[in-house]
Amino acid sequence: MLSLRGVRKAYSGVEVLHGIDFEAHGGEVVAIAGANGAGKSTLIKILCGAVARDAGTIAVDGREVALGSPAAAAALGIRTVHQELTLVPQLSVTENVLLGDLPKRGGLVDWPAAHERTRALLSRTGFTGVDPRTPAKRLSVARQQMVEIAKAMASEPRMLILDEPSAVLAGDDLDQLFALIRSLRADGVLVLYVSHRLDEVMEIADRITVIKDGLIAATSTPRETNEEEIVRQMAGRRLEQIYPDRREKPGRELLGTTGLTREGAFEEVSLSVCAGEVVGVFGLVGSGRTELAECLFAAAPHDAGEIRLAGRAVRLRSPKEAIAQGLAFVTEDRKGSGLVLDLSVRDNAALATLPRWRRHGLLDRKRQQAAIEDMNERLDVRPRTTSKPVKQLSGGNQQKVVLAKWLLSRPKVLILDEPTRGVDVAARVDLYREIDQLTRAGLGVLMISSDLTEVIGATDRVLVMHEGRLVADVPSAEADEELLLAHSIGVAA
Ligand SMILES: Nc1ncnc2c1ncn2[C@@H]1O[C@H](COP(=O)(O)OP(=O)(O)OP(=O)(O)O)[C@@H](O)[C@H]1O
Ligand SMILES: [Mg+2]
């Protein structure tokens with residue numbers, strides 16, 4: 001059904017795909033794995049007509065195709081859910097899903113019919129709980145992802161390409177996505193699935209193709225390979241230890257709450273994060289995790305309860321005040337609130353840290369540059385050049401820049417919301433190590449994650465949220481995935 005020969009692509013003279021040969025058939029699920037910056041998204045953008053290739057041939061059903069535009073790809077039945085969310089924030093779910101194809105009656109949009117069709121598409125994809133009338137900007141990133149998937153399904157695709165769909169989905173939502181993928185496969189649709197979560201890849205794929213530095217490095221079936229081998233093919237090295245050793249006794253409380261409540265989001269949350277510990281927060285989409293983090297960072301108000309910093313009750317009025325008090329917040333939506341895409345890596349990294357580089361009122365650019373370069377080195381941001389606009393970096397490397405920016409601000413308390421979303425396995429290890437070192441030096445970390453292995457492996461204890469309430473506080477050493485899941489859906493004893 002799909003065949004690529006010698007596909008090449010360069011961005012401003014630098015070649016990033018060096019001749020890709022690839023074949024896939026209808027009714028097949030092919031996973032594409034590879035390190036951050038390997039060229040996965042570039043390949044996918046070529047297939048969906050968003051980026052033009054420089055060389056090579058692509059054939060669909062044995063016939064050579066140009067794929068000169070997204071419309072040309074769509075006409076061939078190729079649909080894509082991109083790594084970066086693309087919904088128009090001001091438009092409703094329905095308008096986003098049916099964009100350009102809204103049902104009409106007597107020249108006017110037939111809204112009841114339009115909402116009904118959207119609802120039907122959402123339920124076909126298995127995602128319920130999204131109101132078609134809601135503006136996209138009001139949805140969490142997970143819900144936005146569901147809408148993107150429904151949108152891709154709006155015209156029966158023959159080939160569905162998913163670029164890291166699971167980075168924001170977890171639990172039941174992920175099961176729904178897998179059920180959808182399996183039913184598409186049964187209908188003869190070709191599904192290409194890009195993911196850094198190798199356990200998922202092993203579960204859903206018929207075949208796994210690894211891209212390394214712009215070339216196909218290996219192809220195998222889940223039966224022939226295992227996660228360790230895929231990592232080796234991706235990274236060119238073995239990973240000895242993914243998570244650092246657990247830290248010993250934490251110090252005094254840095255951030256605490258008592259009875260913190262925000263109506264409609266979370267209730268009566270009492271927690272504490274101490275110096276020298278990493279506290280995980282696990283919960284399903286909609287359990288109030290992100291709202292809680294926003295509240296702690298003074299990016300959203302609360303209705304009742306108390307927030308303490310270093311033991312003193314505080315009333316922070318804005319994120320700016322929170323930053324001044326030593327808080328840092330890595331948001332789950334890097335495009336919305338983490339990064340300014342048009343600015344360079346350097347300017348993004350400097351956004352949260354300007355005061356640090358002032359000396360006698362002047363900006364010490366040399367010192368700033370050295371610190372940013374050092375952090376990029378430690379987190380292995382690629383490419384290293386700090387003058388590139390962030391939008392030219394691969395998704396995972398953009399995420400590393402967000403993390404670098406906040407780590408450079410030398411926070412006392414670091415709040416992370418899905419910090420490793422889209423970050424490859426090897427780079428995650430660098431990140432965990434960096435967080436571990438800072439924590440051992442006295443940092444306190446609150447890490448929200450829907451990745452169960454991460455939320456157990458990288459933390460000292462895990463708080464579980466269910467429907468806006470904290471329902472469990474489990475030492476990571478005693479936590480297992482089933483227990484946390486049971487708490488998160490409210491069925492643990
Ligand atoms: N618009 C662009 N301009 C210049 N370089 C780009 C552009 N887009 C991507 N690149 C470069 O192309 C290379 C491949 O990037 P790509 O986004 O395809 O990686 P990826 O495999 O999808 O990585 P990730 O896992 O981080 O999403 C990277 O070196 C990246 O910096
Ligand atoms: Mg990518």
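## Helix 9, two sheets and a shared ligand shell

Helix 9 (residues 289–296) lies across strand 13, strand 14 and strand 16, and runs at about 120° to strand 13. Here helices (H or I, at least four residues) and strands (E, at least two) are DSSP runs, numbered from the N terminus. Axes are lines fitted to C-alpha atoms, for helices over the stretch in contact, and angles run from 0 to 180 degrees between N-to-C directions. Two residues are in contact if their C-beta atoms, placed from the backbone, lie within 7 Å.

This is a predicted model, in which local features need pLDDT of at least 70 and side-chain atom pairs count only at pLDDT 80 or more, while totals for chains, interfaces and linings use all residues. Residues are numbered from 1 along each chain as its sequence is written, and chains are lettered from A and ligands numbered from 1 in the order in which they are written.

The protein has 17 helices and 24 strands in its secondary structure. Its radius of gyration, taken over C-alpha atoms, is 23 Å, close to the 23 Å that the globule rule (2.2 Å times the number of residues to the power 0.38) gives for 493 residues, so the protein is as compact as a globular protein of that length. Along the principal axes, the C-alpha trace spans about 70 × 50 × 45 Å.

Two open sheets are set side by side in the table, where strands count as paired if DSSP finds at least two bridges between them.

| Strand order | Pairing | Edge strands | Average turn between neighbours |
|---|---|---|---|
| 14-13-16-17 | antiparallel | strand 14 (266–274), strand 17 (312–314) | 25° |
| 18-21-22-15-23-24 | mixed | strand 18 (327–330), strand 24 (469–475) | 20° |

In the sheet of four strands, strand 14 and strand 17 each have a single partner strand, so one side of each is left without a neighbour in the sheet. Strand 13 (residues 253–262) and strand 16 (residues 304–309) pair in the antiparallel sense over five bridges, and T258 has E306 in strand 16 as its bridge partner.

In the sheet of six strands, strand 18 and strand 21 (residues 413–417) pair in the parallel sense over four bridges, and L327 has V413 in strand 21 as its bridge partner. Helix 9 packs on this sheet too, touching strands that include strand 15 (278–283) and strand 21, and its direction makes about 150° with that of strand 21. Helix 17 (residues 481–488) touches strand 15, strand 23 and strand 24, with its direction at about 30° to that of strand 23.

An automatic or database assignment gives domain 1 (2–235) and domain 2 (253–488), whose centres, taken over C-alpha atoms, are separated by 29 Å. In domain 1, 21 residues are in contact with 21 residues of domain 2. Helix 8 (227–235) is one of the elements giving two or more residues to the side of domain 1 that touches domain 2, and helix 8 gives the most, with three residues.

Ligand 1 is surrounded by 19 residues, the closest being Y11, S41, T42, S394 and G396; a residue counts as near if its C-beta atom, placed from the backbone, lies within 6 Å. Domain 1 and domain 2 each supply at least three residues of this shell, while helix 1 (40–47) and helix 14 (395–408) each supply at least two. The shell has four nonpolar, 13 polar and two charged residues, where Ala, Val, Leu, Ile, Met, Phe, Trp, Tyr, Cys and Pro count as nonpolar, Asp, Glu, Lys and Arg as charged, and the others, Gly among them, as polar.
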